[in-house]
Amino acid sequence: MKILLAAVDLEAGSHKVVARAAALAAQLQARLHLVHVIDEAMVLYEPMVEISVRRRLQQGATQALQQLVDALPAGQRDNIERHVLLGKPPHTLARKATELKADLLLAGRHHLEPVQELFLGTTVERLLRHCTMPVLVVGQGGDRPYEKVVAATDFSRSSHHALQAGLALAPEAGVTLVHVFEPPMLLGFLRHEPMHTDSLMAHQRTRIEQEVREEMSHFIPADDQGRISTRILSGEVKKAITSVVHDSSAQLLVLGYHGRQGISRLLIGNLAMSFLSAPPCDVLVAR
């Protein structure tokens, strides 16, 4: 990852995004672009003073970005460019990320009013719809390199892309690769003998363990396999993943945005969004 773009909204918590982005840029020897987008709606309905309002907003945003950079450790201030743009934030950020050929887009937790969020989704969710590169949502902040990472997998192309991005983002971290399978619904209704039910669950676990081994052998470089441990759990997916994150004190959770196919794609997207609404740590999502 050589080009990083950090979306900075200049609200409370922006310093966390900038600190994480600058630390990653220094660690990866990457170029960092800080981008603030002035929502065009703020000047759209003031035609008589539009130029004046726009200029003041641009000057204020430029100064605020500079202050965030000045607050960084001296060794992290190099190779940072600042951009103040006018437009619709998600579309403008996605367009700028594509223009710069960014390898990663960083953002904080952006929330709309409750009713707006219900119908429009968060800024981060809309970014994920428009961006092809992975998106890192900074939840807890901090500038130390990630040491413990949890990566969820459903064996989809999307979760594979997310794992690759996570390995690149945290090259020295230990990674726990987690797959959660929900017991077949029929087991709750059919009157299986306990031993027969246990046998079915054991068979399912054995099959999934084989898939995990195949995924690691086919898609993960040998140099990375040594730092990856695997966990296969059964139960409700979000609850199980959250438990692993907390138990391992992970600083980064890695998720795919799309599942394998059909309804699974919708469910995995919803899972990613549910974590982004209240992240247990920083969350990396890839398409």
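In this predicted model, strand β5 and strand β10 (residues 282-286) run antiparallel and are joined by three bridges, and within this pairing Leu136 stands opposite Leu284 in β10. On its other pairing, β5 (residues 135-137) meets β4 in the parallel sense, again over three bridges, with Ala107 standing opposite Val137 in β5. Strand β4 is in turn joined to β1 (residues 3-7) by three bridges, the two strands running parallel, and here Ala6 stands opposite Leu106 in β4. In general, the strands of a sheet pair through backbone hydrogen bonds, and the pairing may be either parallel or antiparallel.

These pairings belong to an open sheet of ten strands with mixed pairing, in which the order is β3-β2-β1-β4-β5-β10-β9-β6-β7-β8. The edges are formed by β3 (80-87) and β8 (228-234), and because each has a single partner strand, one side of each is left without a neighbour in the sheet. Direction ignored, neighbouring strands of this sheet are turned by 25 degrees against each other on average. The protein chain as a whole holds eleven helices and ten strands.

The side chains of β4 (residues 104-107) illustrate how a strand can face two ways. Leu104 and Leu106 point one way, whereas Leu105 and Ala107 point the other way, and all of these residues are buried. Such a pattern is expected in general, since side chains in a regular strand alternate between the two faces of the sheet.

Helices lie across this sheet. Helix α4 (residues 89-100) lies across β1, β2 (31-39), β3 and β4, and runs at about 155 degrees to β2. Helix α7 (residues 157-169) lies across several strands, among them β4, β5, β6 (148-152) and β9 (252-256), and runs at about 150 degrees to β9. The 13 residues of α7 should span 18 Å at 1.5 Å a residue, and the end C-alpha atoms of the helix are 18 Å apart, which agrees. Many positions of α7 can be followed in the structure as buried, including Ser158, His160, Ala162, Leu163, Gly166 and Leu169.

The loops that precede β4 and α7 each hold a residue with a positive phi value. Lys101, in the loop between α4 and β4, has a phi near 60 degrees, a positive value in a residue other than glycine, and with a relative accessible area of 66% this residue is exposed. Phe155, in the loop between β6 and α7, likewise is not a glycine and has a positive phi, near 70 degrees, but at 13% relative accessibility Phe155 counts as buried, the cut-off being under 20%.

In the interior, the largest nonpolar core has 46 residues, and those with the most contacts inside this core are Leu32, Leu34, Leu106, Leu136 and Leu169. Helix α1 (residues 14-28) contributes the largest share of this core, seven residues. Leu169 touches, among others, Leu24 and Leu28, Leu104, Leu136, Leu252 and Leu284, when residues up to four places away in sequence are not counted. A second, separate core of 40 residues includes Ala7, Leu128, Ala272 and Leu276.

Over the whole protein chain, buried residues make up 47% of the 287 residues. Among the contacts with a separation of 6 or more, 80% are between residues 24 or more positions apart. The accessible surface of the chain comes to about 15200 Å², and 53% of this surface belongs to carbon and sulfur atoms.

Definitions and conventions
Residues are numbered from 1 along each chain as its sequence is written. Side-chain values use heavy atoms; hydrogens and water are left out. Buried means under 20% relative accessible area, exposed over 50%, partly exposed in between (1.4 Å probe, protein chains only). Helices (H or I, at least four residues) and strands (E, at least two) are DSSP runs, numbered from the N terminus. Two strands pair if DSSP finds at least two bridges between them. Contact means heavy atoms within 4.5 Å. Accessible areas come from the Shrake-Rupley method with a 1.4 Å probe; for residues, only the protein chains shown count as cover. Axes are lines fitted to C-alpha atoms, for helices over the stretch in contact, and angles run from 0 to 180 degrees between N-to-C directions. A nonpolar core is a set of buried Ala, Val, Leu, Ile, Met, Phe, Trp, Tyr and Cys residues joined through side-chain atoms within 4.5 Å. The expected span of a helix is 1.5 Å times one less than its number of residues.
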